[in-house]
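Hi,

Here is the structure I said I'd pass on. Have a look at it first, and then read my notes below.

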Amino acid sequence: MASSTKYIFITGGVTSSLGKGIIAASLGKLLQSRGFSVTIQKFDPYLNIDPGTLNPYEHGECYVTDDGAETDLDLGHYERFLNIPTSQSNNITTGRIYNNVITKERKGEFLGKTIQVIPHITDEIKSNFYKLGEEGKYDVVITEIGGCVGDIESLPFIEAVRQARWDLGPNNFLVIHLTLIPYLKAAKELKTKPTQHSVKQLLEAGIQPDILVCRTEHHLPQDVKKKLALFCNVQLNSVIEAMDAETIYDVPLLMKKEKLDERVMTKLKLSSKHNTELENWKDFLGKLKNPTQEVTIGLIGKYVSLPDSYKSIIESFVHAGASIECHVNLKLISSEEIHNDNLKQKLNELDGILVAPGFGERGFEGKIETVKYARENNIPFFGICLGMQVAVIEFARNVLNLKDANSTEMNPETAHPVIALMEEQKRIDQMGGTMRLGSYTCELKRSSKAYSAYGKTKIQERHRHRYEFNNDFLKEIEEAGMIATGKNPETGLVEIVEIKNHPWFVGVQFHPEYKSTVLNPQPLFVKFIQAAIDKKLK
């Protein structure tokens, strides 16, 4: 184990969804801005091997890394804040841990031993804790433990954290516990008891938190902080207030004000390489909060009742909008509720239309109607993944008059499969195994909207899909005015389509939203918002 690497563990108590990911990303940003190299990993206590097969309603979007790992949406926050790529090693689930141990047992690697949660499962968890630190690339590894302290499923993780302290030694190990301080309106009082109970559960498991980060809607008075310090065995200046923020991008600055990074550095005996350089970040926040213009863009999808299903897309609009000082008023519209007779009423007010990714038939025809409306009314259109496929199908149906044109995903019997499975994918029968996942190269035509956005002919973008543009129809479609402006150089697969005589109509097979960060907004989103501004000004 790399002894020079420091390990920070973030646990959560009282309730889930308190924002451990945002606190982890904010702390990572602060340490990074002081000159340390930082990475963040997420350990999830569910039994799925990865979130790839989870319904977005269960867990929000599935985030994809460069190396093709399907991961938790928190990894999106880590990349957006730290501006560095994550990988397969940054997200581990209980399912993967048990899978690894059982595979080793089947191969006879334990030499006939009885396999138990302690030591075998906890050893596997710990070896994954340390994996990124052993690469020698990072000064600090932040590990977020998913779920809540006290959950049955997170017990092996908590036990592994307890053991890690003795492996690493006190100066290389730190636990931050994120908790909730509820405000009781009737009593007009902030209550510390849930936090006391939560810390007691951690103590019963053998872990003493070093720092408490308290989520609250009201400022914590000094006497409340003193009470928390006293009952939870932490120093008074290690009780950190985390007020609800106007935007998640305020959190690093709020945590800096609360001196979270200073407390961490003191406890880990880290000497700062230089003081925090957050000028770019403040510049971004300034533009985000003081836009000079505004556009309304419709996000058309089938999971709109849980916005986290489109987390990376929503954040991409924040980054790209701020870069050109434009506030994007995003309207999430369910594609299931769109049909011919309410199209105008639903889409009339929009300056731009984005058709979102997704799988399966539900809401599919509503997306087709939406694309037709955008194409015929010259409304800036952006289709991502399934959104691009829908654009191709709509074009084939209504411009080429191939009335039953479809994807073999929706209709395996269609006579005109303009979107279909590639030969090599037809032989795979496991749910997670048929996808094109991770980063692929795409070559752009110089005359295209995509080229004018990226400013280069070769790009790398991440994929997560099964079905592809069927090149048997390419000539016919191009002759009718929809051009393939981006292709994979190795396979010749179509990655980007555009319509020539339209102000801005771009469909992409990849997921550009995965690579958008605060400091590097995604170029296609920037150009799409610009096109929406231009339409509005006309």
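**What I found**

Let's start with one residue: Ile-121 sits in helix 5, which covers residues 117-131. Bear in mind that this is a predicted model. Ile-121 counts as buried because its relative accessibility is 4%, and the cut-off for buried is under 20%. If you skip the neighbours within four places in sequence, Ile-121 touches Ile-97, Tyr-98, Val-101, Gln-116 and Pro-156. Ala-415, on the other hand, is 294 residues away in sequence and 52 Å away in space, C-alpha to C-alpha.

Next, the sheet. It is an open one with seven strands in the order 5-2-6-1-7-10-11, paired in parallel. Strand 5 (91-93) and strand 11 are at the edges with a single partner strand each, so one side of each has no neighbour in the sheet. From one strand to the next, the twist averages 20°. Strand 2 and strand 6 (residues 140-145) run parallel and are joined by six bridges; Lys-42 has Glu-144 in strand 6 as its bridge partner. Helix 5 comes back here: it packs on the sheet, touching strand 1 (6-12), strand 2, strand 5 and strand 6. Its direction makes about 155° with that of strand 2.

Last, the largest pocket, which holds about 930 Å³ of space. Its lining has 38 residues, and Ser-17, Leu-18, Gly-19, Lys-20 and Asp-74 lie nearest the centre. Helix 1 gives the largest share of that lining, four residues. By class, the lining has 15 nonpolar, ten polar and 13 charged residues.

Cheers

Key: Residues are numbered from 1 along each chain as its sequence is written. This is a predicted model: local features need pLDDT of at least 70, side-chain atom pairs count only at pLDDT 80 or more; totals for chains, interfaces and linings use all residues. Side-chain values use heavy atoms; hydrogens and water are left out. Helices (H or I, at least four residues) and strands (E, at least two) are DSSP runs, numbered from the N terminus. Buried means under 20% relative accessible area, exposed over 50%, partly exposed in between (1.4 Å probe, protein chains only). Contact means heavy atoms within 4.5 Å. On a 1 Å grid over the protein atoms alone, a cavity is a set of points where a 1.4 Å probe fits but cannot get out, and a pocket is an open set with protein on both sides within 12 Å along at least five of seven lines; lining residues have an atom within 4 Å of a point. Grid points are joined across faces, edges and corners, and a volume is the space filled by probe spheres set on the points. Ala, Val, Leu, Ile, Met, Phe, Trp, Tyr, Cys and Pro count as nonpolar, Asp, Glu, Lys and Arg as charged, and the others, Gly among them, as polar. Two strands pair if DSSP finds at least two bridges between them. Axes are lines fitted to C-alpha atoms, for helices over the stretch in contact, and angles run from 0 to 180 degrees between N-to-C directions.
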